[in-house]
Amino acid sequence: MANKQMTEDDFIAELRDGMTIGIGGWGSRRKPMSLVRAIVRSGVKDLTIVAYGGPEIGILAATGQMKKAVYGFVSLDSIPLEPQFRVARQTGTIEAVEYDEGAFYLGLLAASHRVPFYPTRAGLGSDMTTMNPDLRTVRSPYPGPDGGEGEELVAIPAFELDLALIHMNRADAAGNGQFLGPDLFFDDLFAMAADRTVMSCERVVPTENLLDEGSFHTLRIQRIFVDGVIEAPLGAHFTECPPDYDRDESFQKLYAATAKDPDAWKAFKATYLDAPTHDDYLKAVDAR
Amino acid sequence: MNRADICVIAIAECFRGDADLLCNPIGICPIIGGRLAKATFAPDVVTTDAVSVLTTNPLPLGVPDAPRQTESYVPYRTIFDIVWSGKRHVMMGATQIDRFGNQNIAAIGDFRQPKVQLLGLRGAPGNLINHRTSYWVPNHSERSFVEQVDVVSGPGYDRMREVGAPGNRFHDVHRVVSNLGVFSFETPDNSMKIHSIHPGVTVEEVVDATAFDLVIPDEVAETRTPTGEELELIEVIDPHGLHHGEVPS
């Protein structure tokens, strides 16, 4: 099996302006934050970020690198609305395409299955279409429940991704990933929906040790969908990554406070986001 | 008699008659009311730990290590599958709600560049068009019970009439519970009607706190009060008394 381990510098070298990047996890849970900081360091711009959004959306809005966000929601969980995202929305600095949470899943699924859309009732009658004037409906080719005309449904377009970033608890060097927490979220679909997938993980282990900590049900990322593996202990910090660690709530509060204070944001970015390596970041967090 | 306890009972009553579906209340009083309904008169609903499993015992709120009897696994993807299957009754909040039950939790102002960004659409569009939905509004006022919502997260009956059959066939806004009363849409044009008012509240108070004309029945019922057993269960489900903080006294 090919060894797909790579460095953060290798990863940065792949990044291009204008990319559409899907980011796994959910809210402030198991987000590939070391890779998000690598994006910040790279300086690439005009990005489209596709996510069940958390701090990555807020951070890349605040750095000005994200042109457009496609999301099911943007939340820090214990802080219900992502504060930097709130600022970006209220000042109109980003283009925003918001989907019903379940409909968002179908956009990932459609891209994973290489079909142009999946149909759903979700969105009919709501203002989801206000945010997305390009959204189309489709009429079922089959008779409706009364035997009459087919039902009209919303066609959620495939979220085709140039790159997907996910963070797992464990992985092997070949790209098999393992989640040990309560929920995989949609990380398998992000990996399938993307041309390339880079997976960070808490620890790279030999393939023969993948069943040491969880049953085979936890082996939900297959190496055929993964192109690069980066070992990044505490790589999801400050988001939670159970059972390895909980959310760092005090650090999250520190981040959240930057939305109300441009000087605090500058200091936060300089101290944490601009740290030259993941190890430097961890040292800065420890020194806090 | 405490208003917050009455609200929890009114919320629990929304789930009366439910069986073999996911009782999925969101927010403090809704979670307590849902778990209370399951522990008493709606034992055949299932409820979550708000993370990823269904538990048979009514979990106490704010006690993460409480013993639990897990009966099934429901990661987020499964929750969406359940939404689309229809076997769910959700209770959501509403920053704004109007006479036809249109709900806004998304934004104040123009959704494209809001004056105030709120939570967003979240799962409301999919919930409303797939299964029964109820709402909890702890601060009944002309700012929450509005003539017209700024953004439609969860569509109400007028929007669903525009969608028409067969797309609207699973739409069912059941009840709105506020700190003042309980409301339904059981009227010829599905506009909001007083179902009951909480003990100590007057019809006039409710009308004054509502920006649109409510349908007022000839005989206005009073929301029932909790039994002794229910009060004990509320203490068990909410050991920190969090529901008192959600209802203005």
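In this predicted model, helix α6 of chain B, which spans residues 203-208, contains Glu205(B). The relative accessibility of this glutamate is 35%, so Glu205(B) is classed as partly exposed; the class covers values between the 20% limit for buried and the 50% limit for exposed. Glu205(B) also takes part in a negative surface patch, where its partners are Glu142(B), Glu204(B) and Asp208(B).

Turning to chain A, the overall dimensions come first. Along the principal axes, the C-alpha atoms occupy a box of roughly 65 × 50 × 35 Å. The radius of gyration of chain A is 19 Å, in agreement with the value near 19 Å expected for a compact globule, because that expectation follows from a length of 288 residues. Burial can be added to this picture: 60% of the 288 residues of chain A count as buried, that is, they have under 20% relative accessible area. As for secondary structure, chain A comprises 9 helices and 11 strands.

A closer look at one residue of chain A is a friendly place to finish. Ile12(A) lies in helix α1, which runs over residues 8-14 of that chain. Its relative accessible area is 21%, and Ile12(A) is therefore partly exposed, given that buried residues must fall under 20%. Which distance separates Ile12(A) and Ile39(A) in space, C-alpha to C-alpha? The two isoleucines are 6.8 Å apart by that criterion, while 27 residues separate Ile12(A) from Ile39(A) in sequence.

Definitions and conventions:
Residues are numbered from 1 along each chain as its sequence is written. Chains are lettered from A and ligands numbered from 1 in the order in which they are written. This is a predicted model: local features need pLDDT of at least 70, side-chain atom pairs count only at pLDDT 80 or more; totals for chains, interfaces and linings use all residues. Side-chain values use heavy atoms; hydrogens and water are left out. Patches are made of residues with over 30% relative accessible area and no salt bridge: like charges are joined within 9 Å, nonpolar side chains (Val, Leu, Ile, Met, Phe, Trp, Tyr) within 5 Å. Accessible areas come from the Shrake-Rupley method with a 1.4 Å probe; for residues, only the protein chains shown count as cover. A salt bridge is a side-chain nitrogen of Lys or Arg within 4 Å of a carboxyl oxygen of Asp or Glu. Lys and Arg count as positive and Asp and Glu as negative; His and the chain ends are not counted. The place of a charge is taken as NZ of Lys, CZ of Arg, CG of Asp or CD of Glu. Helices (H or I, at least four residues) and strands (E, at least two) are DSSP runs, numbered from the N terminus. Buried means under 20% relative accessible area, exposed over 50%, partly exposed in between (1.4 Å probe, protein chains only). The radius of gyration is taken over C-alpha atoms; the globule rule is 2.2 Å times the number of residues to the power 0.38.
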